[in-house]
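Visitor: I have a model open in front of me and would like to learn how to read it. Could you take me through it one feature at a time?

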Amino acid sequence: MNDKDEREEIKDYYIDSILKSTKELDVIIKSIILLASENEFVNEIKNNPNYPHQ
């Protein structure tokens, strides 16, 4: 394998790794947003004076 092919292979490896990490981070961020939204919704219900508290 020549030097140029080796560099391309290394470059492709790093690009694939970055894309994989980006997708994983996207899932984590979406999970955080969902949990924050659910928490905000629950807090709004609990703070609503018309909500029947038990």
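Visitor: Let me start with a pair of side chains: in what kind of contact do those of Asp 26 and Lys 30 meet?

Guide: Side chains of opposite charge can pair when their charged atoms come close. The term for this is a salt bridge, meaning a side-chain nitrogen of Lys or Arg within 4 Å of a carboxyl oxygen of Asp or Glu. Here the side chains of Asp 26 and Lys 30 form a salt bridge, at 3.1 Å from N to O. Please keep in mind that this is a predicted model, where local features need pLDDT of at least 70 and side-chain atom pairs count only at pLDDT 80 or more, while totals for chains, interfaces and linings use all residues. Residues are numbered from 1 along each chain as its sequence is written, and side-chain values use heavy atoms, with hydrogens and water left out.

Visitor: Where do Asp 26 and Lys 30 lie along the chain's secondary structure?

Guide: Helices (H or I, at least four residues) and strands (E, at least two) are DSSP runs, numbered from the N terminus. Both Asp 26 and Lys 30 belong to helix H1, four residues apart, which is about one turn of the helix.

Visitor: How many salt bridges are there by this rule?

Guide: The count is four. Among them is the one between Asp 3 and Arg 7, whose side chains meet at 2.7 Å, N to O. Asp 3 and Arg 7 are separated by about one helical turn, because they sit four residues apart in helix H1. Another joins Glu 24 and Lys 20, at 4.0 Å from N to O. Glu 24 and Lys 20 are also four residues apart in helix H1, about one turn.

Visitor: Which words describe how open these residues are to the surroundings, for example Asp 26 and Lys 30?

Guide: The scale is relative accessible area: buried means under 20%, exposed over 50%, and partly exposed in between (1.4 Å probe, protein chains only). Asp 26 has 36% and so counts as partly exposed, whereas Lys 30 has 53% and counts as exposed. For the other two pairs, Asp 3 is exposed at 51% and Arg 7 partly exposed at 49%; Lys 20 is exposed at 55% and Glu 24 partly exposed at 42%.

Visitor: What share of the chain is buried?

Guide: Buried residues make up 0% of the 54 residues. The chain has one helix and zero strands. Its radius of gyration is 23 Å, well over the 10 Å from the globule rule for 54 residues, so the chain is more spread out than a compact globule. That radius is taken over C-alpha atoms, and the rule is 2.2 Å times the number of residues to the power 0.38. Along the principal axes, the C-alpha atoms fill a box of roughly 75 × 10 × 5 Å.

Visitor: Which residues make the nonpolar surface patch?

Guide: Patches are built from residues with over 30% relative accessible area and no salt bridge, joining like charges within 9 Å and nonpolar side chains (Val, Leu, Ile, Met, Phe, Trp, Tyr) within 5 Å. In this model, Leu 25, Ile 28, Ile 29, Ile 32 and Ile 33 make a patch of about 470 Å², an area from the Shrake-Rupley method with a 1.4 Å probe, where for residues only the protein chains shown count as cover. Ile 28 lies in helix H1, residues 3–46, and is partly exposed at 48%.

Visitor: How many aromatic pairs does the structure hold?

Guide: There is one aromatic pair. The rings of Tyr 13 and Tyr 14 have centres 5.3 Å apart and planes at 75 degrees, so the pair is edge-to-face. Rings of Phe, Tyr and Trp (its six-membered ring) pair if their centres lie within 6.5 Å; planes under 30 degrees apart are stacked, over 60 edge-to-face, and the rest tilted. Tyr 13 and Tyr 14 are both exposed.
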